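Got your viewer ready? Load the model, switch to cartoon view and keep the selection box handy.

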Amino acid sequence: MQTELKEVLTEAAAIISACQNPNDIMNARAQFLGKKSFLSTLYSRMRELPAEERPAFGATINEARAEIENKLAAAEKAIKENAWKSQGPQLDLSLPGIHSERGALHPLTVVRRELESIFLSMGFEIAEGNDIEDEYHNFDALNTPPDHPSRNLADTFYLDNGMLLRTQTSTVQIRTMESHQPPIRIISPGRCYRNDKPDPSHSPVFTQVEALVVDRGISMSDLTDTLQNFATLMFGKGVRTRIRPHFFPFTEPSAEMDISCVVCKGKGCRMCKHSGWLEMGGAGMIDPNVLDIVGIDSELYTGYAFGLGIERIALLKYNIPDMRILFENDIRMLAQFTGASL
Ligand code: PHE
């Protein structure tokens with residue numbers, strides 16, 4: 001029995017020292033200490049021995065068992081340590097963290113949302129229009145004569161199917177009045193397209209917010225009042241507004257809207273070309289012809305409309321010198337205005 005035990009111990013030492021992973025350890029433990037192992041059978045054989053030999057026999061088996069346990073534990077520890085080391089460099093809490101980039105809204109989106117919430121607070125609803133329009137909604141229904149220069153290829157992008165890219169959000173005035181009777185009180189923000197060469201203040205694609213109010217008794221003073229409220233909410237108290245006579249085919253009378261320069265407070269600077277005023281867009285009272293075209297009784301109702309350029313407002317708000325920056329979308333540039341981190 002002693003020789004057999006010695007052989008088992010030698011075999012166990014060899015197998016345990018060849019263990020490569022926790023699974024090998026598990027198998028070795030089962031083989032040498034498990035129910036069917038040689039050591040376990042020795043325990044049951046103890047009963048066959050005379051009583052006086054049993055303590056010594058028991059002690060021998062226990063020693064053998066402890067020896068195998070110790071070897072297994074040592075091998076298991078070594079395997080774990082090796083695995084840890086082979087995982088490469090260890091956690092170093094002094095290293096800088098991994099930088100994650102933080103996004104932000106595009107300046108035009110920020111301004112558009114701000115405009116929307118200002119007009120919503122004044123009781124306007126938001127109406128949607130399409131970028132691709134027909135000539136009727138972009139020109140004819142807006143009282144624009146067939147020979148009007150804005151219809152030229154040099155100004156308007158026409159598509160092969162006879163449609164066009166809208167040159168103004170005033171198309172949404174027509175679509176709204178076609179489907180709704182007064183009272184109407186909507187704004188419509190959206191992209192517009194004109195065949196313009198890009199320069200610091202022009203872009204072939206730009207964004208307008210159209211406003212349209214039609215009801216009984218609407219007058220020019222409602223228009224100027226709304227303009228002043230908007231300017232105060234957008235640029236703060238102390239901003240003044242004015243309108244100047246202008247011409248649009250679909251409004252009569254027509255006007256251009258200015259606000260006092262928010263950079264120099266009206267004293268005159270580069271931004272306002274030393275005039276003290278900044279142009280915000282076109283406006284006017286809806287021409288009765290347009291009301292007739294869309295089927296609204298021009299004897300009962302009057303209305304005003306205006307169109308604001310969103311880029312202009314974004315350039316002012318963020319002090320951006322060139323409109324093209326808003327469309328080139330170089331995020332290194334945009335991040336400077338919006339607080340995004342690269
Ligand atoms: N649609 C005009 C433009 O793009 C602006 C405008 C809107 C004028 C509403 C009058 C009324 O220039």
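Here is a walk from the sheet to the cores, a pocket and a few backbone oddities. Keep in mind that this is a predicted model.

**Stop one: the sheet.** Colour the strands. Seven of them make an open sheet with mixed pairing, ordered β1-β4-β5-β9-β8-β7-β6. At the edges sit β1 (125-126) and β6 (241-248), each with a partner on one side only. Now select 251-260, which is β7: this strand runs antiparallel to β6, and seven bridges join the two. Show sticks for His 246 and you'll find Ser 254 of β7 opposite.

**Stop two: a helix on the sheet.** Next, pick 107-121. That's helix α5, packed on the sheet and touching β1, β4 (184-193), β5 (205-215) and β9 (302-309). The directions of α5 and β4 make an angle of about 165°.

**Stop three: the cores.** Select Leu 115, Phe 119, Phe 230 and Phe 306 as spheres; these have the most contacts inside the largest nonpolar core, a set of 44 residues. Helix α10 (residues 310-318) gives this core its largest share, six residues. Then centre on Phe 306, whose contacts include Phe 119, Val 209, Leu 223, Met 257 and Ala 283. Apart from that core lies another, of 20 residues, with Ala 12, Ile 25, Ile 68 and Ile 79 among them.

**Stop four: a pocket.** Turn on a surface and look for the second largest pocket, with a volume of about 240 Å³. Leu 108, Thr 109, Arg 112, Arg 191 and Thr 207 are the closest to its centre, out of 16 lining residues. Two or more lining residues come from each of α5, β4 and α11 (324-328). Helix α5 gives the largest share, four residues.

**Stop five: backbone oddities.** Most peptide bonds are trans, and most residues other than glycine have a negative phi. Where are the exceptions to check here?

- Zoom to Pro 182 and Pro 183: the peptide bond between them is cis, with omega near 5°. Pro 183 is in the loop between α7 (171-179) and β4.
- Go back to β7 for Pro 253. The bond from Glu 252 to Pro 253 is cis too, with omega near -5°.
- Asn 319, in the loop between α10 and α11, has a positive phi, near 55°. This residue is exposed, because its relative accessible area is 59% and the cut-off is over 50%.
- Finish at Asn 329, between α11 and α12 (331-338). Its phi is near 60°, and with a relative accessible area of 40%, Asn 329 is partly exposed.

Note on methods. Residues are numbered from 1 along each chain as its sequence is written. This is a predicted model: local features need pLDDT of at least 70, side-chain atom pairs count only at pLDDT 80 or more; totals for chains, interfaces and linings use all residues. Side-chain values use heavy atoms; hydrogens and water are left out. Two strands pair if DSSP finds at least two bridges between them. Contact means heavy atoms within 4.5 Å. Axes are lines fitted to C-alpha atoms, for helices over the stretch in contact, and angles run from 0 to 180 degrees between N-to-C directions. A nonpolar core is a set of buried Ala, Val, Leu, Ile, Met, Phe, Trp, Tyr and Cys residues joined through side-chain atoms within 4.5 Å. Buried means under 20% relative accessible area, exposed over 50%, partly exposed in between (1.4 Å probe, protein chains only). On a 1 Å grid over the protein atoms alone, a cavity is a set of points where a 1.4 Å probe fits but cannot get out, and a pocket is an open set with protein on both sides within 12 Å along at least five of seven lines; lining residues have an atom within 4 Å of a point. Grid points are joined across faces, edges and corners, and a volume is the space filled by probe spheres set on the points. Lists of a residue's contacts leave out its neighbours within four places in sequence.
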